[in-house]
Amino acid sequence: WLFMTVKQQIKLLFENRRGEYISGEELAQTLNVSRAAIWKAVKSLKDEGYAIAAATNKGYMLSKDSDMLSAEAISSFLEQSDFPLKIEVYKSVVSTNSIAKERASQNEAEGLVILAENQTAGKGRMGRSFYSPASSGIYMSILLRPKPPMVEAIKLTTAAAVAVSRAIEKLSDKKPQIKWVNDIYIGGKKVCGILTEGAVSMESGDLEYAVLGIGINVFDPQDGFPNEIENIANSVFGKKRASLRNELVAETLNQFIKIYSDIGNDDYYNEYKKRSFVIGKEINVIKGKLSDTATVLDIDEGCRLKVRFSDGCEQYLSSGEISIRMPEK
Ligand code: BTN
């Protein structure tokens with residue numbers, strides 16, 4: 001509270017009392033500043049796009065329906081933990097992963113979370129892009145500095161897939177499923193992708209830092225999904241509704257922190273397998289120009305797929321080398 005600006009303090013008060021009028025006098029007294037300072041801060045929040053109503057004799061109110069991403073709104077849904085979260089929200093960035101990596105290289109500590117309303121060049125896996133329109137998605141990157149002997153980056157990715165699935169399940173009536181390695185599907189279409197990037201120390205070979213990038217289509221984009229992905233992309237909630245993005249961010253962080261603080265424990269990996277819809281399925285394995293059918297037997301702890309090809313030969317497949325297609329039905 002002490003180190004917050006007037007604007008941040010007002011945001012926090014508004015978020016905690018959404019849909020309720022707070023008088024200018026109360027705000028001025030609580031924050032120990034002039035009524036003019038309150039007015040100025042409220043005006044600046046309105047200019048940023050916050051839905052704030054003002055009424056004579058009543059004061060100011062943040063609409064129940066406000067869906068602006070903010071660190072203060074997210075914090076109001078966070079559970080207590082020792083993890084040192086530092087949340088920053090931006091309007092528009094090239095890629096939240098790029099910002100988090102840049103900050104990591106400037107020695108930023110573990111726990112930085114970069115969020116943006118939109119990304120102009122959101123990155124996907126394998127050099128693909130991630131469609132990141134304003135106001136309908138969550139584009140979030142978490143900076144981690146896992147301590148040795150931990151952790152291969154793949155574990156962070158699978159842990160995040162489990163965390164996002166739990167969060168979606170908690171806040172919606174949807175049944176998300178994980179498509180190996182780290183895509184989350186609802187109703188046969190993708191709602192979330194995860195891209196982990198990092199740097200390994202040349203001296204020790206340990207992971208110096210990892211940036212866990214999570215992109216979730218929370219609502220249908222205003223103008224729909226672009227043609228290229230229309231048939232394969234979905235959103236968690238469909239039509240836009242009141243403040244759910246902040247809550248979904250917080251719940252994802254709550255769940256991820258729980259798993260991360262005990263990442264040596266295999267429970268999340270068993271949960272990953274249970275939530276994963278490839279096991280037992282027949283898939284098309286694509287490697288370069290070659291493609292073959294195989295049955296998925298298991299996913300091992302390094303997140304490799306154990307498969308049996310049609311000739312009976314069994315193999316472990318890594319996600320970096322192959323991609324898979326599921327049959328239509
Ligand atoms: C994929 O589906 O291939 C992975 C998509 C990852 C998208 C997220 S959005 C936040 C973070 N910043 C990025 O540029 N990419 C990740």
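**Close-up views: strands and salt bridges**

**View 1. The hairpin of β8 and β9, with G205 in its turn.** Six residues sit between the two strands of this hairpin, and among them we look at G205, which takes a positive phi near 80 degrees. Strand β8 covers residues 189-200 and runs antiparallel to β9, with nine bridges joining the two. (Strands count as paired if DSSP finds at least two bridges between them.) One contact to pick out here is I194, whose bridge partner in β9 is I214. Before going on, a word on the source: this is a predicted model, where local features need pLDDT of at least 70 and side-chain atom pairs count only at pLDDT 80 or more, while totals for chains, interfaces and linings use all residues. Residues are numbered from 1 along each chain as its sequence is written, and side-chain values use heavy atoms, with hydrogens and water left out.

**View 2. Strand β9 and its pairing with β5.** Strand β9 spans residues 207-217, and 10 of its 11 residues are buried, so the rest of the structure largely encloses it. Here buried means under 20% relative accessible area, exposed means over 50%, and partly exposed lies in between (1.4 Å probe, protein chains only). β9 also pairs with strand β5 (residues 137-144), in the antiparallel sense and over eight bridges. On this side, I138 has I216 of β9 as its bridge partner. Element names follow DSSP runs, numbered from the N terminus: helices are H or I with at least four residues, strands are E with at least two.

**View 3. An open sheet of five strands.** Reading across, the order is β13-β12-β11-β10-β14, and the pairing is antiparallel. The edges belong to β13 (314-317) and β14 (323-325); each has a single partner strand, so one side of each is left without a neighbour in the sheet. On average, neighbouring strands of this sheet are turned by 45 degrees against each other, direction ignored. (Axes are lines fitted to C-alpha atoms, for helices over the stretch in contact, and angles run from 0 to 180 degrees between N-to-C directions.) Within the sheet, β11 (residues 290-299) and β12 (residues 305-309) share five bridges in the antiparallel sense. V296 finds its bridge partner in V307 of β12.

**View 4. The salt bridge of K86 and E108.** The structure holds 24 salt bridges, a salt bridge being a side-chain nitrogen of Lys or Arg within 4 Å of a carboxyl oxygen of Asp or Glu. In this one, the side chains of K86 and E108 meet at 2.9 Å, N to O. The two are 22 residues apart, with K86 in strand β3 (residues 86-93) and E108 in the loop between α5 (96-105) and β4 (112-119). K86 is partly exposed at 40% relative accessibility, whereas E108 is buried at 15%.

**View 5. K123 meets E197.** The closest N and O atoms of this salt bridge are 3.1 Å apart. K123 lies in the loop between β4 and β5 and E197 in strand β8, so the pair links parts of the chain 74 residues apart. K123 is partly exposed, at 31%; E197 counts as buried, at 17%.

**View 6. R166, E271 and their network.** The salt bridge between E271 and R166 has its closest N and O atoms 2.7 Å apart. E271 belongs to helix α9 (residues 267-275) and R166 to helix α6 (residues 153-171), 105 residues apart. R166 is partly exposed, with a relative accessible area of 21%. Zoom out a little and a network of salt bridges links R166, E169, K175, E271 and R275.
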